[in-house]
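Let's take a walk through this protein together, one piece at a time. Keep the picture open while you read, and turn it around as often as you like.

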Amino acid sequence: MQTLPQRQLGPTGRMVSAIGLGAMPMSLAGRPPESQSIAVIRRALELGVTLIDTADVYCLDDSDIGHNERLIARALAEAGQSAKGVVVATKGGLRRPRGEWVVDARPERLREACERSLKALGVERIALYQLHAVDPRVPIEESVGELARLREEGKIEAIGLSNVNAQEIDRAMRVAPIVSVQNRFHVRDRRFAIGNGALRRCEELGLAFLAYAPVGGTHGRRLISEDPALRAVAQKHGATPEEVALAWLLRQSPCVVPIPGASRLSSIESSVRSLSLVLDAEDLARIG
Ligand SMILES: NC(=O)c1ccc[n+]([C@@H]2O[C@H](COP(=O)([O-])OP(=O)(O)OC[C@H]3O[C@@H](n4cnc5c(N)ncnc54)[C@H](OP(=O)(O)O)[C@@H]3O)[C@@H](O)[C@H]2O)c1
């Protein structure tokens, strides 16, 4: 296993690879055969990726909860020693009735979800447990308060947040130590990193910022792949627009860790390559 550039997982001081693997596309509708997903996870480990992002709700619907976590557990078990030290970051706080995405971050539901995730992942303690989203019916203090109790009980090692703004980060931090924030962030959508102050707050507090949908997300791929400026910079470097988009994210702050999704080997291989792509001032000006 090679050593990739590292980033700090918040104040824990724990280090993870500067690019993580987003495992979501392996479990939603249209998902690839299980053998392919396992091969992608194993390839990521071989390439030195030490952060895998998942969630209980990366599945088809409520009857399939934990699909992605079980898949990762199987891949890591097959990988044996080379999976040692890998941080699997999961989440709770959503449900999938009839395949829809519904927020439910009531404390009792988070506890149930966490206990189910422990089983699905086959671990005694979850390395990073993230509140998937703030439930408008539940003050963030109550949701995070339950995560703090789960941490005190030893079921969670570290707590993260997702889909939050700067004020919500501050409110959560008053209840429990937080190590990471996971929000949508790509070069053509900066609203939930820069626009809402979340990235700045992460920098001030020393938290990791996990950038999701870093190459445009499931529905925004063309925003990146067909972007003229990204294509021009990519051509100059003999790279792809996706690699330029990831390299741009990595330049934004030492706390940014893009977590590109992958269900094909070529996607994770390309994403890891972006770590050696250095953009110069001219490239950054062109990208805008
Ligand atoms: N916290 C949240 O609310 C939230 C929401 C959405 C996503 N996430 C997390 O963030 C991760 C990433 O988001 P995402 O999967 O929606 O979008 P994404 O990372 O922008 O990727 C979308 C698709 O782009 C392709 N791709 C990725 N890297 C590539 C590369 N270097 N070159 C060419 N194609 C590439 C992959 O296709 P193939 O599948 O064909 O390989 C992937 O499925 C998810 O997997 C999930 O773990 C979190």
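Helix α2 has a set of buried residues: His67, Asn68, Glu69, Leu71, Ile72, Ala75 and Leu76. "Buried" here is a counting rule: a residue is buried if 20 or more other C-beta atoms lie within 10 Å of its own, exposed if 12 or fewer, and partly exposed in between, with C-beta atoms placed from the backbone. Helices (H or I, at least four residues) and strands (E, at least two) are DSSP runs, numbered from the N terminus. Before we go on, you should know that this is a predicted model, where local features need pLDDT of at least 70, side-chain atom pairs count only at pLDDT 80 or more, and totals for chains, interfaces and linings use all residues. Residues are numbered from 1 along each chain as its sequence is written.

What do the buried residues of α2 pack against? Their partners are α1 (34–46), β4 (51–53), β5 and α3 (107–121); two residues count as in contact if their C-beta atoms, placed from the backbone, lie within 7 Å. You can also check the length of α2 (residues 67–79): at 1.5 Å a residue, its 13 residues should span 18 Å, and its end C-alpha atoms are 19 Å apart, which agrees. That expected span is 1.5 Å times one less than the number of residues. Just after α2 comes glycine 80, with a positive phi of about 60°.

Now for the sheet. Strands of a sheet pair through backbone hydrogen bonds, either parallel or antiparallel. In this model, 8 strands form an open sheet in the order β3-β4-β5-β8-β9-β10-β11-β12, and the pairing is parallel. At the edges stand β3 (21–22) and β12 (256–258), each with a single partner strand, so one side of each is left without a neighbour in the sheet. Two strands pair if DSSP finds at least two bridges between them.

Let's step across that sheet. β4 and β5 are joined in the parallel sense by 3 bridges, and aspartate 53 has alanine 89 in β5 as its bridge partner. From β5 (residues 87–92), 4 bridges lead to β8, again running parallel; there you'll find lysine 91 opposite glutamine 130. Is strand β8 buried or exposed? In β8 (residues 126–131), 6 of the 6 residues are buried, so the strand is largely enclosed by the rest of the structure.

Moving on, β8 and β9 (residues 156–162) run parallel and are joined by 5 bridges. Isoleucine 126 has isoleucine 156 in β9 as its bridge partner. To see how the chain gets from one strand to the other, look for helix α4 (residues 140–152): β8, α4 and β9 make a right-handed β-α-β unit. Right-handed means that, with the strands pointing away from the viewer, the path from the first strand over the helix to the second runs clockwise.

Further along, β10 (residues 178–184) pairs with β11 over 5 bridges in the parallel sense, and glutamine 182 is matched with leucine 210 in β11. Strand β11 (residues 208–212) has 5 of its 5 residues buried, so the rest of the structure largely encloses it. Ala208, Leu210 and Tyr212 point one way from β11, while Phe209 and Ala211 point the other way. Next, 3 bridges link β11 to β12 in the parallel sense, with phenylalanine 209 partnered by valine 256 in β12.

Two loop residues deserve a look. Arginine 98, in the loop between β6 (94–95) and β7 (102–103), has a positive phi near 50° without being a glycine. With 8 C-beta neighbours inside 10 Å, arginine 98 counts as exposed. Asparagine 163, in the loop between β9 and α5 (166–173), also isn't a glycine, yet its phi is positive at about 60°. Asparagine 163 is buried, with 21 other C-beta atoms within 10 Å.

And the ligand? It is surrounded by 29 residues, the closest being Gly22, Met24, Tyr212, Gly261 and Ser267; a residue is near a molecule if its C-beta atom, placed from the backbone, lies within 6 Å of it. α10 (241–252) and α11 (265–273) each supply at least two residues of this shell, and α11 gives the most, with 3 residues.

Finally, zoom out. The protein chain has 12 helices and 12 strands, and 49% of its 288 residues count as buried.
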